[in-house]
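Subject: The structure I promised you

Hi,

Here is the structure we talked about, ready for you to open and turn around. Have a look at it first, and then read on for what turned up.

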Amino acid sequence: MFQKLTALLGALLFTCILSAQMRSITGKVLNAVGQPIKSATVTQKNTNVSTRTNDDGSFTLSVNGSTAVVVVSSVGFVSREVAVNNST
């Protein structure tokens with residue numbers, strides 16, 4: 001019984017550490033003249049974590065790590081990769 005409880009506590013601690021590495025980023029996707037691009041896809045690179053921009057081009061995405069890279073894509077536009085750093 002004690003071994004099962006220890007394993008469970010270890011798993012919970014590991015989950016808490018992983019959760020602490022997740023953070024939420026927000027942004028706005030604009031075209032070359034500053035107009036919002038609605039329904040653009042914003043994806044964390046090499047994952048299946050993604051979201052779409054709303055009508056004013058803004059989005060919120062939970063990413064793993066402080067140095068993640070997001071890929072922004074939309075029909076009719078060239079995809080762009082943007083590094084996410086520790087800045088606010």
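Which strand does Thr51 lie in? Thr51 is part of strand 3. Before we go further, please keep in mind that this is a predicted model.

**The overall picture**

The protein chain has 1 helix and 6 strands. If you walk along the sequence, the pattern you meet is α-β-β-β-β-β-β. Of its 88 residues, 22% count as buried. The chain exposes about 6,500 Å², and carbon and sulfur atoms supply 59% of that area. What about links across the sequence? Take the contacts between residues at least 6 apart in sequence: 45% of them join residues at least 24 apart.

**The sheet**

Four of the strands build an open sheet in the order 3-2-5-6, and the pairing is antiparallel. Strand 3 (50–52) and strand 6 (80–83) are at the edges with a single partner strand each, so one side of each has no neighbour in the sheet. From one strand to the next, the twist averages 20°. As background, strands in a sheet pair through backbone hydrogen bonds, and they can do so in a parallel or an antiparallel way.

Strand 2 is a good place to start looking. Residues 41–44 form strand 2, which pairs with strand 5 (residues 69–73) in the antiparallel sense over 4 bridges. On the other pairing, strand 2 and strand 3 run antiparallel and are joined by 3 bridges. Thr41 is handy for seeing both pairings: Thr41 stands opposite Arg52 in strand 3, and Thr41 also stands opposite Ser73 in strand 5. Next along, Val42 has Val72 of strand 5 opposite.

Strands 2 and 3 also form a hairpin, with 5 residues between the strands, and in that hairpin Asn46 takes a positive phi near 65°.

Now for the side chains of strand 2. In a regular strand, side chains alternate between the two faces of the sheet. Here Thr41 and Thr43 point one way, while Val42 and Gln44 point the other way, and all of them are buried.

**The nonpolar core**

How many residues make up the largest nonpolar core? The count is 12: Ile25, Val29, Ile37, Ala40, Val42, Phe59, Leu61, Val63, Ala68, Val70, Val72 and Val84. Strand 4 and strand 5 each supply at least two residues of this core. The largest share, 3 residues, comes from strand 4.

Leu61 is a core member worth clicking on. Leaving out residues up to four places away in sequence, Leu61 touches Arg23, Ser24, Ile25, Val42, Thr43, Gln44, Val49, Ser50, Thr51 and Val70.

**Three residues to zoom in on**

*Gln44.* You will find Gln44 in strand 2. Is Gln44 buried or exposed? Its relative accessible area is 7%, and buried means under 20%, so Gln44 is buried. A polar atom of the Gln44 side chain lies 3.1 Å from the backbone nitrogen of Asn64. Beyond residues up to four places away in sequence, Gln44 touches Val49, Leu61, Ser62, Val63, Asn64, Ala68, Val69 and Val70.

*Thr51.* Back to the residue we opened with. Thr51 has a relative accessibility of 22%, so Thr51 counts as partly exposed. Setting aside neighbours within four places in sequence, Thr51 is in contact with Ala40, Thr41, Val42, Phe59, Thr60 and Leu61. Thr51 and Ser39 are 12 residues apart along the chain, and their C-alpha atoms are separated by 8.9 Å.

*Ser62.* This one lies in strand 4 (residues 58–64). Ser62 has 38% relative accessibility, so Ser62 counts as partly exposed. How far apart are the C-alpha atoms of Ser62 and Arg23? The separation is 5.4 Å, although the two residues are 39 residues apart along the chain. Apart from neighbours within four places in sequence, the contacts of Ser62 are Met22, Arg23, Ser24, Gln44 and Val49.

That's the tour. Try finding Gln44 and Ser62 together on screen, since Ser62 is among the residues that Gln44 touches.

Cheers

Note on methods: Residues are numbered from 1 along each chain as its sequence is written. This is a predicted model: local features need pLDDT of at least 70, side-chain atom pairs count only at pLDDT 80 or more; totals for chains, interfaces and linings use all residues. Side-chain values use heavy atoms; hydrogens and water are left out. Two strands pair if DSSP finds at least two bridges between them. Axes are lines fitted to C-alpha atoms, for helices over the stretch in contact, and angles run from 0 to 180 degrees between N-to-C directions. Buried means under 20% relative accessible area, exposed over 50%, partly exposed in between (1.4 Å probe, protein chains only). Contact means heavy atoms within 4.5 Å. Accessible areas come from the Shrake-Rupley method with a 1.4 Å probe; for residues, only the protein chains shown count as cover. A nonpolar core is a set of buried Ala, Val, Leu, Ile, Met, Phe, Trp, Tyr and Cys residues joined through side-chain atoms within 4.5 Å. A polar contact is a pair of N or O atoms within 3.5 Å; within protein, one must be able to donate a hydrogen and the other to accept it, and residues adjacent in sequence count only if both atoms are side-chain atoms.
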